[in-house]
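Me: I'm new to this structure and would like a close look at one part of it. Could you walk me through the place where the ligand sits, and then what lies around it?

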Amino acid sequence: MSIEPGCQFASDNTAGICPEAFSAMTEANQGFAKPYGEDSWTKRATALIRDLFEVDCDVFFTFNGTAANSLALAAMCQSYHCVLAHEHSHVETDECGGPEFFCNGTKLLLVPGADGRVDAEKVAEIAGSRTDVHFPKAKALSITQSTEVGTVYDLDVLDGIHESVQRFDLSFHMDGARFANAIATLDVAPKEVTWKRGVDVLCLGGTKNGMAVGDCVVFFNRDLGKEFEYRCKQAGQLASKMRFLAAPWVGLLTDDVWVRNARHANAMASKLAQGLQQLGVRIAAPVESNAIFADFTSEQTNALREIGWIFYEFSGVGTARLMCSWKTTDAEIERLLADCESIVTPLAQAQDD
Ligand SMILES: *Cc1c(COP(=O)(O)O)cnc(C)c1O
């Protein structure tokens, strides 16, 4: 029996605030500052994000990713449009209809694709399938980087998708709740997987990367970002003490903390995946970022849960989603693996017999 099993692998948002984000908040907590984004922290964070993407983009800070995605898509679509997105995408499965609500009726059209990535051919096929007035017009494509199953879109795959986007004159949205983890894997400049490959709007995640709260919407296509501050305000997403949403970004984006956090999470995931495989557990999706989809038997799942481990089943990929974060330690990985060993090995041997 392990000593303190729990929720550390249930999500990357079970971890707390990383020290750099925290100390930036503390530093911002001095004296008075102008509200609603007129403060110097918001200006600094915005400048750092522009530097990061090496382009003059518009940046808006929101409290969470659901709002970022929903409002970004609303800025791209009219009510009679539709947005193509992967069938397992967060906008489809985990936002309680937020995108449709904020878009005033825009339909989500689901695109299949292996390992959580939309298939570029399917995007073209679906975008071109109905162009008559009786069906909502295909207007935008939303993809997730890294994906909901922990894979990443590399440059070649993005080129293919960009082609379909251009062919059908779609706007291109990227849900980057775990953008840092994708960059840590791909090891390319952020511009290479965003505006240089046609991405118009990126929702950049801060929470899972080590902040207390906060994602932001980055408009590379600045026309789409016009009047976006009104959308944020109307949706209850304009922070009056904006400096505390912005300061942690300064902490994360200084000295590459954001990518170091993500590299750590990814390395932990790959270590855990290897350990599980050595125990004979099948891994159901390629481990390319900080997520592992383990295919435990129902007996194994029950046994781990009985010990006290908490994890979610997700999208029908494997049976347990295990997430690593900036905070995951070797000791926690070893503890989970030891518990797995105590229940998995006998079962795996029994299966082999
Ligand atoms: C976590 C997550 C979000 C944002 O979720 P919130 O809980 O609203 O912050 C968006 N997209 C993906 C893929 C996520 O994993």
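Reply: Let's start with a single contact in this predicted model: a polar backbone atom of G65 is 2.9 Å from an oxygen atom of the ligand. Next along the chain, T66 has a polar side-chain atom that lies 2.6 Å from an oxygen atom of the ligand. H90 deals with a nitrogen atom instead: an N or O atom in the H90 side chain is 3.5 Å from a nitrogen atom of the ligand. As for how covered the ligand is, it would expose 380 Å² if taken alone, and the protein buries 82% of that.

Now step back to the whole shell. G65, T66 and H90 are joined there by N64, N69, E95, T144, E148, D175, A177, R178 and K208. Sorted by class, the shell holds six polar residues, five charged ones and one nonpolar one. Which element gives the most to this shell? That's helix 3, residues 65–76, with three residues.

What about the space itself? The ligand takes up the largest pocket, which holds about 460 Å³ of space. Its lining runs to 28 residues, and the ones nearest the pocket's centre are N13, H90, A177, R178 and K208. Helix 3 turns up again here: along with strand 5 (171–176) and strand 6 (201–205), it is one of the elements giving two or more residues to the lining. By class, this lining has 13 polar, eight charged and seven nonpolar residues.

K208 is a handy stepping stone to another space. You've met it around the ligand, and K208 also helps line the largest cavity. Searching the whole structure turns up one cavity of 30 Å³ or more, and the largest cavity has about 40 Å³ of space in it. The other residues of its lining are N181, N209, N261, A262, A265, N290, S325 and W326. Helix 11, residues 257–278, supplies the largest share of that lining, with three residues. In terms of class, the cavity lining splits into five polar, three nonpolar and one charged.

While you're looking around, two spots in the backbone deserve a glance. Most peptide bonds are trans, and most residues other than glycine have a negative phi. Against that background, find the bond between Q145 and S146: this one is cis, with omega about -10 degrees. S146 belongs to the loop between strand 4 (137–144) and helix 7 (155–167). T144 and E148, which you can pick out by number on either side of that bond, are both among the residues around the ligand.

The other spot is E54. Although E54 is not a glycine, its phi is positive, at about 55 degrees. You'll find E54 in the loop between helix 2 (40–53) and strand 1 (58–62).

Definitions and conventions:
Residues numbered from 1 in each chain as written. Predicted model: local features only at pLDDT ≥ 70, side-chain atom pairs only at ≥ 80, totals over all residues. Heavy atoms only, no water. Near = heavy atom within 4 Å. Polar contact = N/O pair within 3.5 Å; in protein donor to acceptor, adjacent residues only side chain to side chain. Areas by Shrake-Rupley, 256 points an atom, 1.4 Å probe, with all protein chains shown as cover. 1 Å grid on protein atoms, 1.4 Å probe; cavity = no way out; pocket = protein on both sides within 12 Å on 5 of 7 lines; lining within 4 Å. Sits in = over half its atoms within 2 Å of the grid points. Helix = DSSP H or I, 4+ residues; strand = E, 2+ residues; numbered from the N terminus. Nonpolar A, V, L, I, M, F, W, Y, C, P; charged D, E, K, R; others polar. Points joined across faces, edges and corners; volume = space filled by probe spheres on them.
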